[in-house]
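Subject: Structure for your review

Dear colleague,

Please find below the sequence and structure that I am handing over to you. I would be grateful if you kept the structure open while reading the notes.

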Amino acid sequence: MELRGVTALVTGAAHRVGKAIALGLAASGSNVVLHFHRSGEAAEATAAEIRAHGVKVVLVSGDLGDDPAAVMGAVGDLAPVRVLVNSAAVFGNDRLTEVSRTEWETTLAIDLTAPVFLTQAFARALPDGLDGAVINVTDWRTERPYRDHFSYTVAKGGLDTFTRAAAESLAPRIRVNAVALGAILPPPGRGSAYLKELAQEIPVQRVGGTEPVVQAVLALIGNDFITGEILRVDGGAHLR
Ligand SMILES: NC(=O)c1ccc[n+]([C@@H]2O[C@H](COP(=O)([O-])OP(=O)(O)OC[C@H]3O[C@@H](n4cnc5c(N)ncnc54)[C@H](OP(=O)(O)O)[C@@H]3O)[C@@H](O)[C@H]2O)c1
């Protein structure tokens, strides 16, 4: 798919990984629907950076735990949306032995149910005769689950399966792929000591930063013969 002039919707795009993907799409000539939830100020700042690429941006706020499809209904003049990136997520720290039903359901709602119903809304809204691409942002850890982050890991595992099921369901018009991230950015509040420690566990001996994620997302969107693929961007972490 040629990205110039196409509209892309990125969830959780105010900061960090979602922001980098939104800026990468803007640098490739896409107009951007920038979804955010609580980070209004950061979203405004990111929107200004997107506009500096000479493309259009629309800000859409919303709790993906409520009505994910509503985001698609708020894209206004930037319709039709041809690219959807499901990046927003919660990274709860729970264990099977202790997780409450509420924690479990909240994580599943944002990390799995929202991408499913946003993708459904995206597919329904895509006009006949146009093709589309969906990218789900998942985690290589679904292959080797943590003891911690139980609900998150199970939800992302569901997102992996959803990626393949949706690729089959929505073919040939819409391709659905995923990037399975490793250590890209430290959790908010964790500094360089944490990064150094993390890097030792990764074959390439460093934390990724967002650029490799952007490159992988753009490659998957750009290649019209790839669908149902889950591309690891993890510095080889899955090898150990
Ligand atoms: N960072 C990493 O190294 C890493 C590693 C593996 C996988 N990943 C995956 O990469 C993606 C982005 O990671 P990140 O570290 O950039 O995430 P993050 O900093 O935790 O940001 C999560 C985003 O999700 C949005 N969000 C959270 N709850 C929401 C809700 N109820 N409704 C709508 N939006 C909600 C937040 O929006 P607001 O801030 O506007 O509220 C925020 O933009 C996630 O899918 C994550 O699982 C990241």
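The notes below describe the sheet, the helices packed on it, the nonpolar cores and some unusual backbone positions.

Please bear in mind that this is a predicted model.

The sheet

The model contains an open sheet of seven strands in the order β3-β2-β1-β4-β5-β6-β7, and the pairing is parallel. As general background, strands of a sheet pair through backbone hydrogen bonds, either parallel or antiparallel. At the edges stand β3 and β7 (residues 230-233); each has a single partner strand, so one side of each is left without a neighbour in the sheet. On average, neighbouring strands are turned by 20 degrees against each other, direction ignored.

Two of the pairings may be followed residue by residue. Strand β2 (residues 31-36) runs parallel to strand β3 (residues 57-61), and five bridges join them. Within this pair, histidine 35 is found opposite valine 60 of β3. Together with helix α2 (residues 40-51), β2 and β3 form a right-handed β-α-β unit. In the other pairing, β4 and β5 run parallel and are joined by four bridges. Here valine 85 stands opposite isoleucine 135 in β5.

Helices on the sheet

Helix α1 packs on the sheet and touches β1, β2, β4, β5 and β6, with its direction at about 175 degrees to that of β1. Helix α5 (residues 150-170) also packs on the sheet. The strands that α5 touches are β5, β6 and β7, and its direction makes about 160 degrees with that of β5.

Helix α1 deserves a further look. From its first C-alpha to its last, this helix of twelve residues reaches 16 Å, close to the 16 Å expected at 1.5 Å a residue. Nine of its twelve residues are buried, so α1 is largely enclosed by the rest of the structure. Among the buried residues are Val17, Ile21, Leu23 and Leu25. After α1 comes glycine 29, which has a positive phi near 100 degrees.

The nonpolar cores

The largest nonpolar core has 35 residues, and Ile21, Leu34, Ile50, Val179 and Ile221 have the most contacts inside it. Elements giving two or more residues to this core include β1 (7-10), β4 (81-86), β6 (174-181) and α7 (211-222). The element that gives the most is α1, with six residues. Leaving aside neighbours within four places in sequence, leucine 34 is in contact with residues including Val10, Ala43, Ile50 and Val60. Another core, of 27 residues, lies apart from the largest one. Leu9, Leu112, Leu118 and Ala167 are among its residues.

Unusual backbone positions

Most residues other than glycine have a negative phi, and most peptide bonds are trans. Where, then, does this model depart from the pattern? The peptide bond from alanine 79 to proline 80 is cis, with omega near 0 degrees, and proline 80 lies in the loop between α3 (69-72) and β4. Alanine 171 and proline 172 are also joined by a cis peptide bond, with omega about 5 degrees; proline 172 is in the loop between α5 and β6.

Two residues other than glycine have a positive phi: arginine 16, at about 55 degrees, and glutamine 205, near 60 degrees. Arginine 16 belongs to helix α1 and is partly exposed, with a relative accessible area of 34%. Glutamine 205 sits in the loop between α6 (192-199) and α7, and is partly exposed with a relative accessible area of 48%.

With kind regards

Technical notes
Residues are numbered from 1 along each chain as its sequence is written. This is a predicted model: local features need pLDDT of at least 70, side-chain atom pairs count only at pLDDT 80 or more; totals for chains, interfaces and linings use all residues. Side-chain values use heavy atoms; hydrogens and water are left out. Two strands pair if DSSP finds at least two bridges between them. A crossover is right-handed if, with the strands pointing away from the viewer, the path from the first strand over the helix to the second runs clockwise. A nonpolar core is a set of buried Ala, Val, Leu, Ile, Met, Phe, Trp, Tyr and Cys residues joined through side-chain atoms within 4.5 Å. Buried means under 20% relative accessible area, exposed over 50%, partly exposed in between (1.4 Å probe, protein chains only). Contact means heavy atoms within 4.5 Å. Axes are lines fitted to C-alpha atoms, for helices over the stretch in contact, and angles run from 0 to 180 degrees between N-to-C directions. The expected span of a helix is 1.5 Å times one less than its number of residues.
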